Amino acid sequence: MPLFDIPPFPTVPVNGETQAYAVRRIFCVGRNYADHAKEMGHQPDMEAPFFFCKTPSAICLAPATIPYALGTNDLHHEMELVVALGTPAFRATREEAENAVYAYACGLDMTRRDRQQDGKDKRRPWDFGKDFEQSAVIAPLTKAADFGPVGGQRINLTVNGEIRQDATLDQLLHDIPAVIAYLSTFYHLAPGDLIYTGTPAGVGPVVEGDVLRGEIEGLSPLDLTIGPKE
Ligand code: MN
């Protein structure tokens with residue numbers, strides 16, 4: 001018996017299923033759209049994707065209203081396609097990687113941009129910029145079989161009805177099988193692993209009272225409201 005009661009892994013509903021998807025780990029790809037890499041002052045890197053992680057307790061199921069994050073004055077939205085694995089993947093081929101995908105969802109990789117910049121400037125980790133409470137926002141999952149192949153689907157985000165991010169999924173620098181196959185050479189990937197696959201151009205700050213809507217064609221939309229600071 002454990003010493004203290006701690007919450008179980010968070011779960012995300014799956015469209016058309018009564019049982020929910022339990023989240024064990026969260027991997028996130030950095031700079032996976034060329035235009036976003038450029039807006040952050042980098043040249044797109046085709047050699048290999050890079051990753052950072054969020055803890056499962058960062059999951060926030062949308063729709064939700066969340067407080068403006070602690071410890072930042074520059075909270076940013078990053079609209080992303082989220083991949084949920086349904087089978088193990090280890091040193092996976094592209095085909096095995098593709099078959100390991102259970103479902104997709106709209107996600108927001110909320111970012112303390114000022115704290116991330118501190119990390120970059122001081123050559124320190126990104127954790128305070130990326131891994132914090134309610135920073136991994138996710139809408140209900142749609143099974144891969146229902147979504148179909150990832151291709152030219154539109155991905156977009158509006159803030160208070162105004163378009164901020166607008167792209168298509170075929171603009172991913174490292175596509176889904178490539179991301180999973182590469183990651184599976186560093187980890188024994190398994191069901192419960194989510195991958196936030198990177199954000200298109202147009203990231204920017206949110207303020208108290210902002211109403212965000214993220215959409216990917218064929219998936220449940222994501223609705224998030226930014227509440228007051230705590
Ligand atoms: Mn991101």
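Aspartate 166 is partly exposed, with a relative accessible area of 44%, where buried means under 20% relative accessible area, exposed over 50% and partly exposed in between (1.4 Å probe, protein chains only). This residue forms a salt bridge with arginine 154, the closest N and O atoms being 2.8 Å apart; a salt bridge is a side-chain nitrogen of Lys or Arg within 4 Å of a carboxyl oxygen of Asp or Glu. The model is predicted: local features need pLDDT of at least 70, side-chain atom pairs count only at pLDDT 80 or more, and totals for chains, interfaces and linings use all residues. Residues are numbered from 1 along each chain as its sequence is written, and side-chain values use heavy atoms, with hydrogens and water left out.

**Salt bridges**

- The count of salt bridges comes to 13.
- Arginine 154 lies in strand E13 (residues 154-159) and aspartate 166 in strand E14 (residues 162-168), so their bridge ties together parts that are twelve residues apart in sequence; helices (H or I, at least four residues) and strands (E, at least two) are DSSP runs, numbered from the N terminus.
- Arginine 154 counts as partly exposed, at 35% relative accessibility.
- Lys54, Glu78, Asp109, Arg113 and Lys130 are joined into one network by salt bridges that share partners.
- Within this network, glutamate 78 and lysine 130 meet at 3.2 Å, N to O.
- Both residues of that bridge count as buried, glutamate 78 at 4% relative accessibility and lysine 130 at 2%.
- Glutamate 78 sits in the loop between strand E7 (75-77) and E8, and lysine 130 in helix H4 (residues 127-130), 52 residues apart.
- Arginine 115 bridges to aspartate 114 at 3.5 Å between the closest N and O atoms; arginine 115 is partly exposed at 27%, whereas aspartate 114 is buried at 17%.

**Aromatic rings**

- Seven aromatic pairs are counted, taking rings of Phe, Tyr and Trp (its six-membered ring) with centres within 6.5 Å; planes under 30 degrees apart count as stacked, over 60 as edge-to-face and the rest as tilted.
- Tyrosine 21 and tyrosine 102 are stacked, at 6.0 Å centre to centre and 10° between the planes.
- Tyrosine 21 belongs to strand E2 (residues 21-22) and tyrosine 102 to strand E9 (residues 101-109), 81 residues apart.
- Tyrosine 21 is buried at 8% relative accessibility, while tyrosine 102 is partly exposed at 27%.
- Phenylalanine 51 and tyrosine 182 are also stacked, because their ring centres are 6.3 Å apart and their planes stand at 10°.
- Phenylalanine 51 in strand E4 (residues 50-54) and tyrosine 182 in helix H6 (residues 176-183) are 131 residues apart in sequence.
- Phe50, Phe52 and Trp126 form one aromatic cluster.

**Helix H6 and glutamine 116**

- Six of the eight residues of H6 are buried, namely Ile176, Pro177, Val179, Ile180, Ala181 and Leu183.
- The cover over these residues includes strand E3 (25-30), E4, strand E8 (79-85), helix H2 (94-99), E9 and strand E15 (193-196), where contact means heavy atoms within 4.5 Å.
- Glutamine 116, in helix H3 (residues 113-122), is buried at 3% relative accessibility.
- Not counting residues up to four places away in sequence, glutamine 116 touches Met40, Thr111, Trp126, Gly129 and Lys130.
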